[in-house]
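Visitor: Could you take me through one part of this model up close? I'd like to look at a greasy spot on the outside, and then take a peek at a hollow inside.

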Amino acid sequence: MRRPARTTRLLAALAVTTLATGVLLTGPASADDSSSPTPATSSAPTVFTVGMTEDIDSANPFTGIAAVSYEIFQMEYPTLTEYAASDFSTAPGLAESWTESADHKTWTYKIRSGLTWSDGQPLTAHDAAYTFNRILKGKYEQTNYSSYTDNIVKAVAPDDTTLVLTVKQPSPIMEKLAVYILPEHIWKNIDEKAVKSYKNEGTPDSPTVGAGPYVMVERRVGQFIRMQANPSFFRGKPAVDEVVFKIYKNQDALGQALKKGEIDFADSLEANVFKSLQNQPGITTLSATYSGFNELAFNTGAALDNGTPIGDGNPLLKDKKLRQALGWAIDRQTLVDKVLGGGGSVGSTIIPPMYASLHLDPADPVTYDPEKAKTLLDAAGYKVGPDGIRTDANGNRLEFRLFGRTDSSGNASQKAVQFIKGYLNAVGVAVDVKMMSSDNLTTIIGEGNFDMFEWGWVVEPDPNYQLSTFTCANRSYKDGGTIYANLSDSFYCNPAYDKLFQQQSVTTDVAARTAIVKQMQQMLYDDSPYIVTYYYDNLEAYRSDRFTGFVNQPSPDGSLLFQYGTWSYENMKPVVASAPASPTPGQTIAQGDVVQPTSSTNWALIIGIVVLVLLALGGGVWLGRGRNRDFAADDDRE
Amino acid sequence: MALLTDAPSHSAAPGRRSGRLSPGVRYALRRTLTAISTLVFVVLFNFFLFRVMPGDPIGLYTRGRNVDADQIRALREALDKPLIQQLFEYLKNPFSQGVDSVKYSQPVWDVIGPRVWPTLLLVGSATVIATVVGVWLGIRSGWRRGGRFDTVATNVTLVLYSMPEFWFGMIMLIVFAVGVGPIPGIFPIGGLSTPGVDTSSPAGWLDVAFHLVLPVTTLAVIYLAEYSLIMRASIIEETSQDYLQTARAKGLMDKRVRQRHAVPNALLPTMTLVFLNLGFVVGGAITIEYVFSIDGLGSLTVDALQGPDVPLLQALFLLFSAAVIFANLVADLMYGLLDPRVRT
């Protein structure tokens, strides 16, 4: 009885296994066919894979707001002007040149001629006029672009190569309109209702229609985005055939994926992951100058936009002299070294030095000098009390709450607030640290219920937005009984500053505007609503054994990807392997060449087969057992 | 539990038929009604739960972005309707397509849709594997209690059970995806498929299966102990029953006594557990999804909590509750089929 039983069991298992392997064997064959349709003439497409920890929120340029979404938009769609790679100066984009009328009321853009969209349709000034008018007329369409288009009255295209924009008042932003020009023949079919839910995701059969260096051919939500080189891009088809953005849920996975070669580029790395990638074979790391700064912010007197005081901030911090004195107590260099692991520079004003032409280097910088801080505090009337904590003339103790964020990248905020607490204690200021999520902190700041907090900003090339975060009008506001946060988080309000802000926003002369912007920075530096602690670097790493030709923005040490523009995507190219003309797949892996899809698929297939065979075998045995009534008991004997 | 429900009412009116429905159908109807009323309660609770959460989602998503105050106000207006009106609109159709996620600016069910199948694939297959292997281990361990197999299996499963998911997942990732010493890192570090591979083709299925090997193994190994221990306990309970003695006395082989007599009876508690857990499959495995970079419902929930993205959270919680309620209902109905005692 036993022997036949065992044979049937084995047979059943074998049958399952054979079935499984049968599927497997047909699988790889078809995979090879599809990946190389014409093996005789062309090699596999060059694929450049970027790893990131965040997915885009939408591929529709009227909807997406995440920073990574903008990387996709600018790869797909042109803008009238661009930011030069070297120094963020205004460079020609879709428009070759532009002129402002003498009365500052109209701007005329000369659009390049003879252009086509990626689907072959002509690209003219009419597309640009269509895009602007759509935004002007559409309520929903304005959401993402209002800061550029609020000032525009109408857009007209008198001919194929001329776009005329009429404005309400003079504005420097007209040279920097980051409005993505869309193909009219596609978007006119998407009405104002449909546009809200329009996904704008390309598929292999119908890629998105764009005019940038790449167009989207596939998106799998939360997994990856595939972009294909656009042959009709006006600066020429990029050398790399495909760019893939692959999403990982954590930084460690990102680092490992780069080491292993699953991805070719990683951006915004945390310091510890970045360190683990340094001096690895085939990998180049770059601590790139970046446009972000962090600050210790003070509640300078929380109030609504109409001046009504709100919140429970310690009124002592309204004193400019106190805030200035505290600036001397903070050791910014140690923060750079210990919090950023050296990946950054000491902070001063709110426009980072990366924007070299706009940044103000203060004439007499505030440095780390605790003795000077103490002297200044004494002079301002804050005497040391019996317990070592200073008090003002009325006996109010210098005792403040300091809020940090629990969800900062690499726990930077946790570390920073601990250092700051130490520095302030050293000059006789008591600090009560509390950590919270950014969400909570946003609400608490908006309601003015804080004394100090640690946070940061990423600054755009145009200073208008950053400067506006200190205007009186951008303090919190009340709507239907609820207080909402606006842009201002220090509640700084200075009529002189507001006046300068207004002035710079209507000055179209670059030099004149720059002078005003520097004056405003000096004003903020002196009044100290923020103590800018540091400018942090963007930590990037890439497979330099596979790709080269990236362009820094700005030169010489700015970021290589996630720039204001697509300079790297246009210029990067695969490292040419010194290999024979037709390498076999085996050799390709050995040389670490760029045709990784085939090599990884081969491995994948082999292992997949092994695993499935094992699973099938296990399953077969199990099935055999369950069905067989006269199951042998011998294997159970103890 | 179901055993206790309204049995006395039948004895109160002996001989009178309480309806044309058979007890089995009545049992099924009763269970279904209970499930529906639970769902209604959950829908209501769901609505108020998220209304008491603090936070200003619009403020959060527009912070640091070049959006002017009027635009923010307009965005906020969409959320700031009177509570009664919101409730009414919500109750009209909780599964409506009209509600947009704040973060993704898309109808919530469109956001949830593409993330359902990665989760089902991951947690579903892990549960199935864990059930099959766990039940098998439990039967073998329990049948020869105290034996070498039992000692080894029980200890190993207990050790695996007590390991934190994310830690075990990271070990698996480092050993089998990154590679340690002589072990080459062969499995992918994250994701569900290789970009560019058509997942509707057989090669694509294989690619997905290959990506799932590590996360599914991790989850299955951790889930295993639960099934194995319950199955072991109920087998041990059955071995002391008289009917097994009778079966043996009839001269049946040990194997046959186990497979035909003990196992079917011992399976009942495990069945309940399996169905309950199937309800939770939809909830995903947050830590494993994070370690292996799988964009499923678990990680979507975590993302939605930041903000918070109230409409999205509301939809997710409704989905999770509905899945558990449905799984419970199926378990109850299955029980009715498997064990006639519960029907009356």
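Guide: Here's a walk over a nonpolar surface patch, followed by a stop at a cavity. Keep in mind that this is a predicted model.

Let's start on chain B. Leu33(B), Ile36(B), Val40(B), Leu44(B), Phe48(B), Leu83(B) and Leu91(B) together make a nonpolar surface patch of about 620 Å². Two helices of chain B, α2 (23-51) and α5 (83-92), each bring at least two residues to that patch. The biggest giver is α2(B), which puts in five residues.

Now zoom in on Phe48(B), which sits in helix α2 of chain B. Is its ring side buried or exposed, you might wonder? For the residue as a whole, the answer lies in between: Phe48(B) counts as partly exposed because its relative accessible area is 39%, and the partly exposed class runs from 20% to 50%.

Next, the inside. The model has three cavities of 30 Å³ or more, and the one to look at is the second largest, with a volume of about 140 Å³. It is lined by 16 residues, and the closest to its centre are Ser348(A), Tyr525(A), Tyr530(A), Ile531(A) and Val532(A). On chain A, helix α16 (510-527) and strand β23 (530-543) each supply at least two residues of this lining. As for its chemistry, the lining of the second largest cavity is a mix: nine residues are nonpolar, six are polar and one is charged.

Methods. Residues numbered from 1 in each chain as written. Chains lettered and ligands numbered in written order. Predicted model: local features only at pLDDT ≥ 70, side-chain atom pairs only at ≥ 80, totals over all residues. Heavy atoms only, no water. Patch = residues over 30% accessible without salt bridge, like charges linked within 9 Å, V, L, I, M, F, W, Y side chains within 5 Å. Areas by Shrake-Rupley, 256 points an atom, 1.4 Å probe, with all protein chains shown as cover. Salt bridge = Lys/Arg side-chain N within 4 Å of Asp/Glu carboxyl O. Helix = DSSP H or I, 4+ residues; strand = E, 2+ residues; numbered from the N terminus. Buried < 20%, exposed > 50% of the residue type's maximum accessible area, 1.4 Å probe, protein only. 1 Å grid on protein atoms, 1.4 Å probe; cavity = no way out; pocket = protein on both sides within 12 Å on 5 of 7 lines; lining within 4 Å. Points joined across faces, edges and corners; volume = space filled by probe spheres on them. Nonpolar A, V, L, I, M, F, W, Y, C, P; charged D, E, K, R; others polar.
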